[in-house]
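Trainee: Please take me through one part of this protein closely. I would like to look at the largest pocket.

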Amino acid sequence: MMGWIVAILVAALTVSGAAFSLIAAIGLNRLPDVYTRMHAASKAGTVGSGLLLLAVGIHSMEISTLARALAGFFFFVLTAPVSAHLLAMAAHKAGYPLADKSVVDDLKKI
């Protein structure tokens, strides 16, 4: 009985992680400028990769592998949004334009 529960949990995490990664990939292709693309990659990509890491850790059924997967998950969740923010600020300072549909430029004040 416990094996089925673990299998269903791992399958749900894998499908969810793959769906978020797919959404991030579609966002990279469809969004109009570097800032919105970076937002899609950092948010949806982070959640997708984190869920996939969690699925791998649970599927292994070993505490050491689960601990490493959790450490990777927390490292990725903490560093990916910060690095995307710094890259967006650098792109703004380098002069990359916002999309025509953008309404507010909050970084212009800085």
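Mentor: Here is the pocket, after a brief look at the whole chain.

This is a predicted model, where local features need pLDDT of at least 70, side-chain atom pairs count only at pLDDT 80 or more, and totals for chains, interfaces and linings use all residues. Residues are numbered from 1 along each chain as its sequence is written.

The protein has three helices and zero strands. Helices are DSSP runs of H or I with at least four residues, strands are E runs of at least two, and both are numbered from the N terminus. Along the sequence the pattern reads α-α-α.

Now the pocket. The largest one holds about 320 Å³ of space. A pocket is an open set of points on a 1 Å grid over the protein atoms alone, where a 1.4 Å probe fits, with protein on both sides within 12 Å along at least five of seven lines. Its volume is the space filled by probe spheres set on the points, which are joined across faces, edges and corners.

The lining of the largest pocket has 16 residues. Lining residues have an atom within 4 Å of a point. Tyr35, His39, His85, Ala88 and Leu107 lie nearest the centre. Two elements each give two or more residues to this lining: helix 2 (34–60) and helix 3 (63–94). Helix 3 gives the most, with six residues.

By class, the lining has nine nonpolar, four polar and three charged residues. Nonpolar means Ala, Val, Leu, Ile, Met, Phe, Trp, Tyr, Cys and Pro; charged means Asp, Glu, Lys and Arg; the others, Gly among them, are polar.

Notes
Heavy atoms only, no water.
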